[in-house]
Amino acid sequence: MTQLADSIQIRHTNFKNRIIKGAMSEALANDAGQPNQAHFKLYEAWAKGGLGCAITGNVMVDFRAKNEPGVVVVETERDLEQLKVWAEVGKQQGMVQLVQLSHPGRQCPKGLNKETVAPSAVPFSPALAVSFGTPRALTETEILEIIQRFATSAQICEKAGFEGVQLHGAHGYLISQFLSPLTNKRQDQWGGSIENRTRFLLETYQAVRAASSENFIISVKLNSADFQRGGISEEDVIYVFKAMDAAGIDIIEVSGGSYEAPAMAGVKEDKRKASTIAREAYFLDFAEKIRQEVNCHIMVTGGFRTVDGMNAALDSGACDFVGIARPFAVEPDLGDRLIAGQDVRYAVEKIKTGIPLVDKMAIMEIIWYAAQFKEIAKGKQPNPKLSPLKVFLNYLKGNVKAVIKGQLNSRKSA
């Protein structure tokens, strides 16, 4: 029986247990996108708390395409020494660290960047069009440049000492935008058939693999579904998983949703079967199905709350790793507690500000937890009762400042 405490080796890296902290936005970087002491302290807290592996929050591969203020950007060796310190934090405690490399595509707040690009110029739904503008379609030259950016960033991460990277191919970010027929309307080799829509992901993986050593772990986060009418079909999803498995990917994390349909933040219980609710994880049923199709390691994130539920998922063979995200924001020592047989202490509930327009979006499921990270990074205890409205107003204030600053910088460089 596979259990949480069991170790596992991938390439030459040993994972001391089967618990992985899923990627969450830290929003701790400065305006230049540099990692700092706050990142080191936060990840040190998780490492000392017994976590087997941590996947970092979004690390952008292009400073011109940031998804939010405070995000880390790795496009050159400018911050190599800081990255080495970050990587060493995990090594000191035997915690593997994978850097989540990402390009947001169209998922950038209006005004944050000089322009927004995507596979196609597809606007957001009316509810989100207020915050996110219609992107410009990428040229083929730009597509090839972005692929190389992923490879360069991965090479720098390996040089810094990280054990691997995760390509963010879910939640409506650029790779996911290429995969979905809802956001990819291209008529060239990058769009149309599922084979063409998968090309960007496959070539990105191949470029990263070519730029890194044989021992470097490469993972990818993929949607099991977009949960939107006109989104990627299950048949096409299975094709993508099988294509990545055949290409040699080490780990696939199963997730789902996007900013417009945030299934990754939770699924209403009345829309799930009783058997699914009992098994806790949102995407475990799909993982069980895809397990029959691929040989690579599978990670399922979202919904796990009890040790029994986690061990049952591992023992079923549906997944090799249990991914847990939000609980780590309020329980930094959760790794040790789970290994000791103790369940998640705080039930994760939807974060609501009381403002309907805001509460319909997934944004609060990101920034409320990021506020907890700031407390942990300061050496303080997280606050499960932190006011969502207060957090949102602080975020709005910081976002407005970032947009104004970005516009001023754009004018200066024009």
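Is Ala-27 buried, partly exposed or exposed? Ala-27 is partly exposed, because its relative accessible area of 22% is not under the 20% that counts as buried. The model behind this value is a predicted one.

## Overall make-up

The chain holds 15 helices and 14 strands. Of its 414 residues, 58% count as buried. Take the contacts in the chain with a separation of 6 or more: residues 24 or more positions apart account for 69% of them.

## Two nonpolar cores

The largest nonpolar core has 107 residues. Within this core, Phe-200 and Ile-298 touch the most other members. Domain 1 (3-348) and domain 2 (352-413) each supply at least three residues to this core. A second, separate core has 13 residues, including Ile-10, Cys-53, Ile-55 and Ile-251.

What does Ile-298 touch, not counting residues up to four places away in sequence? Its partners are Ile-252, Val-254, Ala-287, Ile-290, Arg-291, Ala-318, Cys-319, Asp-320 and Phe-321.

## Helix H6 and its neighbours

Two packed helices are described by the angle between their axes and the distance between the axes. Start with helix H4 (residues 140-160) and H6. They pack at an angle of about 35 degrees, with their axes 8 Å apart. The crossing of H4 past H6 is right-handed. On the H4 side, the residues that meet H6 are Ile-143, Leu-144, Ile-146, Ile-147, Phe-150, Ala-151, Ala-154 and Gln-155. On the H6 side they are Phe-200, Glu-203, Thr-204, Ala-207, Val-208 and Ala-211. Phe-200 is also one of the two residues that touch the most other members of the largest nonpolar core.

H6 packs against H7 as well. The angle is about 35 degrees, and the axes are 10 Å apart. H6 passes H7 in a right-handed crossing. H6 contributes Ile-194, Glu-195, Arg-197, Thr-198, Leu-201, Leu-202 and Tyr-205 to the contact. H7 contributes Asp-236, Tyr-239, Val-240, Ala-243, Met-244 and Ala-247.

## Leu-201 in H6

Leu-201 is found in helix H6. Its relative accessible area is 1%, so Leu-201 is buried. Leaving out residues up to four places away in sequence, Leu-201 touches Leu-167, Ile-175, Leu-179, Val-220, Leu-222, Val-240 and Met-244. Val-240 and Met-244 also appear among the H7 residues that contact H6.

How far apart are the C-alpha atoms of Leu-201 and Ser-176? They are separated by 8.6 Å, although the two residues lie 25 residues apart along the chain.

## Helix H7

Does the length of H7 (residues 234-247) agree or disagree with what its 14 residues should span? At 1.5 Å a residue the helix should span 20 Å, and its end C-alpha atoms are 20 Å apart, so the two agree. Just after H7, Gly-248 takes a positive phi of about 110 degrees.

The buried residues in H7 include Asp-236, Val-237, Ile-238, Val-240, Phe-241, Ala-243, Met-244 and Asp-245. Among the elements that cover them are helix H5 (174-179), helix H6 (194-211), strand E11 (217-223), strand E12 (251-255) and helix H9 (284-290).

## Helix H14

Helix H14 (residues 364-377) has 14 residues. From first C-alpha to last it reaches 20 Å, close to the 20 Å expected at 1.5 Å a residue. Because 11 of its 14 residues are buried, H14 is largely enclosed by the rest of the structure. Those buried residues are Met-364, Glu-365, Ile-367, Trp-368, Tyr-369, Ala-370, Ala-371, Gln-372, Phe-373, Ile-376 and Ala-377. Just after H14, Gly-379 takes a positive phi of about 85 degrees.

## Loop residues

Most residues other than glycine have a negative phi. Ala-27 has a positive phi, near 55 degrees. Ala-27 sits in the loop between strand E3 (19-21) and helix H1 (37-48). His-171 also has a positive phi, near 55 degrees. The place of His-171 is the loop between strand E10 (164-169) and H5. With a relative accessible area of 9%, His-171 is buried.

Ser-180 lies in the loop between H5 and H6. Ser-180 is buried, with a relative accessible area of 5%. Beyond its neighbours within four places in sequence, Ser-180 is in contact with Arg-197, Asp-226, Gly-231 and Ile-232. Of these, Arg-197 is one of the H6 residues that contact H7.

Key: Residues numbered from 1 in each chain as written. Predicted model: local features only at pLDDT ≥ 70, side-chain atom pairs only at ≥ 80, totals over all residues. Heavy atoms only, no water. Core = buried A, V, L, I, M, F, W, Y, C linked by side-chain atoms within 4.5 Å. Buried < 20%, exposed > 50% of the residue type's maximum accessible area, 1.4 Å probe, protein only. Domains from an automatic or database assignment. Contact = heavy atoms within 4.5 Å. Helix = DSSP H or I, 4+ residues; strand = E, 2+ residues; numbered from the N terminus. Expected span 1.5 Å × (residues − 1). Axes fitted to C-alpha atoms, helices over the stretch in contact; angles between N-to-C directions. Left-handed = near helix turned anticlockwise from the far one by under 90°.
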